[in-house]
Amino acid sequence: MESLRIIKDEHRNLWRVAITLDQVIEEMESTGTVDGAFLGSVLDYFEQFVDRAHHPKEDQHLFRLLRQRSSSAAPALDRLEAEHREAPGKLAALRQTLEQCPSTDGAVLRLTTALRAYLAELKAHIRIEEADVFPLAREALRPEDWHEIDRAFLDNQDPVFGQQARAEFRDLFHRIASLAPVSVGLGSHTAGGLHSRNNHHDVLLAVRDVESCYGRIKALKGISLEVRKGETVALVGANGAGKTTFLRALSGVQPISAGSITFGGEDISRHRADQRMRLGICQSPEGRQVFGPLSIEDNLRLGAYTQPKHFFAEDLEKIYGMFPILKEKRKLPAGTLSGGQQQMLAIGRALMGRPKLLLLDEPSMGLAPLLVEEVFNVVSSLKAQGMTILLVEQNAFSALAIADRGYVLETGEITLTGSGRDLIENEKVRSAYLGM
Ligand SMILES: Nc1ncnc2c1ncn2[C@@H]1O[C@H](COP(=O)(O)OP(=O)(O)OP(=O)(O)O)[C@@H](O)[C@H]1O
Ligand SMILES: [Mg+2]
């Protein structure tokens with residue numbers, strides 16, 4: 001059923017674009033201005049991705065086999081397939097209306113109305129697939145069906161949805177993110193090789209029975225967890241579970257009252273925060289905490305304070321390579337950056353400390369959906385470069401989706417652990433954290 005996961009991922013991206021578009025439509029309605037480049041990139045994405053790849057592979061494999069196996073699926077499939085057929089025409093009409101903006105009278109209103117209708121249908125379509133069709137498919141399809149469907153969805157050579165095509169869709173998606181208005185957009189890119197001295201398998205961080213209190217309140221009640229070199233580990237949990245307290249205990253700003261923390265084989269439980277940073281534990285804190293009045297470059301300089309001076313220029317260029325927007329604005333006060341850009345700065349600042357273990361505290365917090373995607377792209381690209389990452393998130397699905405392993409934290413205790421995939425599939429996690 002790997003194919004269902006792929007479709008769900010695709011739906012999630014579509015949903016993010018749809019929510020972003022909702023916001024842009026509202027702005028269009030209140031200002032009367034139309035951002036042709038941004039809307040054009042969204043229509044490109046719908047056309048290239050949705051019409052050429054997403055729909056055909058559902059029609060040809062999943063829907064076709066489901067029709068054969070389940071008669072009760074027919075009404076939903078009839079509707080979905082009809083919508084698939086009509087989608088290119090609707091998109092062409094949207095493009096035509098967009099081209100008439102803003103010169104033709106009433107075109108902006110026609111465009112916003114048509115876009116709203118398109119989005120309403122897109123969302124309803126996704127809901128029907130997820131709520132009605134997928135459960136039916138799970139029930140009715142046989143192992144040999146799944147084998148065929150999964151093979152088609154995972155065929156990396158396929159010109160329509162293989163690796164090459166997926167890279168193109170990702171580029172289109174990045175284009176949307178970089179063209180989106182400042183209120184929802186970011187303009188970040190991911191690139192560049194960072195230092196990576198890590199190998200897999202050996203344990204980098206080992207935490208045993210750690211407790212920590214605020215006065216009489218015990219916020220951490222005996223946490224044990226480990227992170228191996230090169231791993232991305234997600235720590236997920238609701239508000240107030242103790243995620244931030246735990247990260248602060250690791251970086252040494254929150255005292256622990258019991259247990260031990262070992263890093264690279266050394267017991268660091270009593271080390272000061274700056275000593276831990278020198279060993280390579282670098283944190284991007286909750287709420288970003290960039291220094292607003294200082295320039296962007298000076299913020300990055302602060303992240304490098306434990307490093308020898310001669311690393312600075314080279315490391316700075318790497319960070320600027322990853323986040324060109326920071327380079328462009330390097331002389332400006334950090335406070336002038338948007339929320340998403342400040343998050344990139346906070347991550348960049350942590351990277352300037354040449355982390356062996358990067359601690360990220362809710363990097364997606366408070367960001368618009370499209371930026372959430374960009375932040376997770378950045379984390380994925382750091383992971384691909386071999387960085388060891390402990391990622392704390394309320395956004396459990398996205399965090400677990402890119403993590404090798406995960407831990408669920410509930411009121412100061414680890415209640416579940418497993419591979420990222422296992423936790424996503426876990427019924428308890430799904431109902432508590434994933435809203436499904
Ligand atoms: N400075 C503090 N003084 C007293 N209690 C605190 C303090 N900071 C946090 N707590 C309490 O400790 C518990 C854990 O809080 P913590 O901030 O670590 O949770 P969290 O999982 O990071 O939550 P969030 O998702 O809201 O960031 C909560 O009950 C919280 O009220
Ligand atoms: Mg927190």
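Two residues are in contact here if their C-beta atoms, placed from the backbone, lie within 7 Å. Keep that in mind as we walk through this predicted model, starting with one residue and then zooming out.

That residue is Asp 315, which is found in helix α10, covering residues 312-322. Leaving aside residues up to four places away in sequence, Asp 315 touches Ala 304 and Met 352. Is Asp 315 buried or exposed? Since 20 or more other C-beta atoms within 10 Å make a residue buried, Asp 315 counts as buried because it has 20 of them in that range. You can also relate Asp 315 to Gly 348: the two are 33 residues apart in sequence, while their C-alpha atoms are 9.7 Å apart in space.

Now zoom out to the whole chain. The protein has 16 helices and 10 strands, and its C-alpha trace spans about 65 × 55 × 45 Å along the principal axes. How does the radius of gyration square with a compact globule? For 436 residues the globule rule gives a value near 22 Å, and the protein comes out at 24 Å, so the two agree. Buried residues make up 38% of the 436. If you look at contacts with a separation of 6 or more, 73% of them are between residues 24 or more positions apart.

Next, the domains. The domain assignment splits the protein into domain 1 (2-184) and domain 2 (200-432), and their C-alpha centres lie 33 Å apart. Where they meet, nine residues of domain 1 are in contact with six residues of domain 2. On the domain 1 side, the elements that give two or more residues are α1 (2-31) and α6 (163-179). Helix α1 has the largest share, with four residues. By class, that side of domain 1 has six nonpolar residues, two polar and one charged.

On to the sheets. One is an open sheet of six strands in the order β6-β7-β8-β3-β9-β10, and its pairing is mixed. At the edges sit β6 (281-284) and β10 (413-419), each of which pairs on one side only. From one strand to the next, the twist averages 20 degrees. Inside this sheet, β3 (residues 232-236) and β8 (residues 389-393) run parallel and are joined by five bridges. If you want a spot to click on, Thr 232 stands opposite Ile 389 in β8.

Helices pack on this six-stranded sheet too. Helix α13 (residues 369-384) touches β3, β7 and β8, and its direction makes about 160 degrees with that of β8. Helix α12 (residues 339-351) lies across β6 and β7 (357-361), running at about 170 degrees to β6.

The other sheet to look at is an open one of four strands, ordered β2-β1-β4-β5 with antiparallel pairing. Its edge strands are β2 (217-228) and β5 (266-267), each pairing on one side only. Strand β1 (residues 203-214) runs antiparallel to β4 (residues 258-263), and five bridges join them. Here, Ala 206 stands opposite Thr 262 in β4. Which helix lies across β1, β2 and β4? That would be α7 (residues 243-251), running at about 65 degrees to β2.

Technical notes. Residues are numbered from 1 along each chain as its sequence is written. Chains are lettered from A and ligands numbered from 1 in the order in which they are written. This is a predicted model: local features need pLDDT of at least 70, side-chain atom pairs count only at pLDDT 80 or more; totals for chains, interfaces and linings use all residues. Two strands pair if DSSP finds at least two bridges between them. Axes are lines fitted to C-alpha atoms, for helices over the stretch in contact, and angles run from 0 to 180 degrees between N-to-C directions. The radius of gyration is taken over C-alpha atoms; the globule rule is 2.2 Å times the number of residues to the power 0.38. A residue is buried if 20 or more other C-beta atoms lie within 10 Å of its own, exposed if 12 or fewer, and partly exposed in between; C-beta atoms are placed from the backbone. Domain bounds come from an automatic or database domain assignment. Ala, Val, Leu, Ile, Met, Phe, Trp, Tyr, Cys and Pro count as nonpolar, Asp, Glu, Lys and Arg as charged, and the others, Gly among them, as polar.
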